[in-house]
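Colleague: Please take a close look at one part of this model, the stretch around a residue with an unusual backbone angle. Then walk me outward from there to the rest of the fold.

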Amino acid sequence: MAAQRQWNDCGLTMGAGHSHAAAVPSGTAAGRHKSRLTGALALTTTFMAVEVIGGLWTGSLALLADAAHMLTDAGGLALALIAIRFAERAATPQKTYGYVRMEVLSALTNAVVLLLLTIYIFYEAYKRFLNPPEILGGPMLAVAVVGLAVNLISMKLLSAGSSESLNVKGAYFEVLSDMLGSLGVIVAAGVVMLTGWTLADPIIGAGIGLFIIPRTWILLKQAIHILMEGTPPEVDIALLERKLLDLPGVTAVHDLHVWTITSGIDAISCHLVVADMAQAQATLLSAQDAMKTGFGLTHATIQIEDQILREAEGELRL
């Protein structure tokens, strides 16, 4: 009875217990930069229309490619803001984590759209190599310079959030690619104006697409990794397991899982086998502290198991 009372005092039943170091925060990393995303969306949408008109007027593929990237930027930023709105919704019995994963789905959608768009740019560049169109270099240059300024402002707005949120990082990468695209259009316009060599335009357009592919691929892999419940890249799972095994009284660790719920929210769950259930509460507190201070994991679900009971159950199975 004394042992049973000790287990109950620790919040343990049947030799097991759960400890939640912290609930999922109501705000996400992307949510803290909502106003900056809104400003970047307003700038991008406004100038996108200018680039479309300019691209059709000048006949420039590089300018139209940059306008297309502006379109994906606008869509990506809009998706990011929609995802933030969903993420701010409260959890429900059916969705116990709420809607925070919408941010990851938004980043995944952005990456897929960018890859598809790049394929289209390559196709259009191929057609223009076969039949180069006439291009108006002067207006093309003017539009590109304004586009460069808009992209630099948007990058400044999103730079801080890109290191905190995968969703904001997706939007930042799109604006970064647009900024480099604007530089490419400026170069192409200069070549056309100075030499009349119109093939510079599709070459630059294809180059913009080549630049986007590796960065978009990285974003795509990161989003898929989170959706597959992969271990966060900054967490050394072998070191984490050793830290748990080094805790006084812990004899084994199993069912260890570390995953990312959404950007800035990582979680851990595991079973700790202990030799003395009387020390269960102290073991839980030590495990929580080790996860928080050593790995930044504040959302923890840790189950304590009695080594004697576990061994007895194993013998019964045999």
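**From one strand to the whole fold**

Modeller: Let's start in strand S1, residues 250-262, where Asp 255 sits. (Helices are DSSP runs of H or I with at least four residues, strands are runs of E with at least two, and both are numbered from the N terminus.) Before going on, keep in mind that this is a predicted model, where local features need pLDDT of at least 70, side-chain atom pairs count only at pLDDT 80 or more, and totals for chains, interfaces and linings use all residues. Residues are numbered from 1 along each chain as its sequence is written, and side-chain values use heavy atoms, with hydrogens and water left out.

The odd thing about Asp 255 is its backbone: phi is positive, about 50°, although the residue is not a glycine. Asp 255 counts as partly exposed because its relative accessible area is 43% (buried means under 20%, exposed over 50%, partly exposed in between, with a 1.4 Å probe and protein chains only).

Who touches Asp 255? One answer is Ser 269, which belongs to strand S2, residues 265-274. Besides Asp 255, Ser 269 contacts Leu 256, His 257, Trp 259 and Thr 301, leaving aside residues up to four places away in sequence (contact means heavy atoms within 4.5 Å). Ser 269 is buried, because its relative accessibility is just 18%.

There is a second residue with this kind of angle. Glu 229, also not a glycine, has a positive phi near 60°. Its setting is a loop, the one between H7 and helix H8 (237-245). Glu 229 is partly exposed, since its relative accessible area comes to 43%.

Now zoom out a bit. The protein has 10 helices and 3 strands, and from the N terminus on the order is α-α-α-α-α-α-α-α-β-β-α-β-α. Of the 318 residues, 47% count as buried. Among contacts with a separation of 6 or more, 76% join residues 24 or more positions apart. About 15,500 Å² is exposed, and carbon and sulfur atoms supply 65% of that (Shrake-Rupley, 1.4 Å probe).

On to the packing. The largest nonpolar core holds 35 residues, and the ones with the most contacts inside it are Leu 37, Leu 77, Met 140, Met 155, Leu 158 and Val 185. (A nonpolar core is a set of buried Ala, Val, Leu, Ile, Met, Phe, Trp, Tyr and Cys residues joined through side-chain atoms within 4.5 Å.) Five helices each put in at least two residues: H2 (34-58), H3 (61-87), H5 (137-162), H6 and H7. H6 has the largest share, with 10 residues. Apart from this core lies another one, of 23 residues, including Val 250, Ile 268, Ala 290 and Leu 297.

Back in the largest core, Val 185 touches Ala 62, Leu 63, Asp 66, Met 140, Ala 144 and Ile 204, again skipping residues up to four places away. Met 140 turns up once more around Ala 189, which contacts Gly 137, Met 140 and Leu 141 beyond its sequence neighbours up to four places away. Ala 189 lies in helix H6 and is buried, because its relative accessibility is 0%. The C-alpha atoms of Ala 189 and Gly 138 are 7.0 Å apart, although 51 residues separate the two along the chain.

Helix H6 also carries Tyr 172, which is buried because its relative accessible area is 18%. C-alpha to C-alpha, Tyr 172 and Ser 159 are 6.8 Å apart in space, with their positions 13 residues apart in sequence.

Last stop, the empty space. The structure holds 1 cavity of 30 Å³ or more (on a 1 Å grid over the protein atoms alone, a set of points where a 1.4 Å probe fits but cannot get out, with lining residues having an atom within 4 Å of a point). The largest cavity takes up about 40 Å³, and its lining is Leu 114, Phe 173, Glu 174, Ser 177, Phe 211, Ile 212, Arg 215 and Thr 216. Helices H6 (166-195) and H7 (200-227) are the elements that give two or more residues to that lining. H7 gives the most, with 4 residues. By type, the lining divides into 4 nonpolar, 2 polar and 2 charged residues (nonpolar is Ala, Val, Leu, Ile, Met, Phe, Trp, Tyr, Cys and Pro, charged is Asp, Glu, Lys and Arg, and the others, Gly among them, are polar).

Definitions and conventions: 1 Å grid on protein atoms, 1.4 Å probe; cavity = no way out; pocket = protein on both sides within 12 Å on 5 of 7 lines; lining within 4 Å. Points joined across faces, edges and corners; volume = space filled by probe spheres on them.
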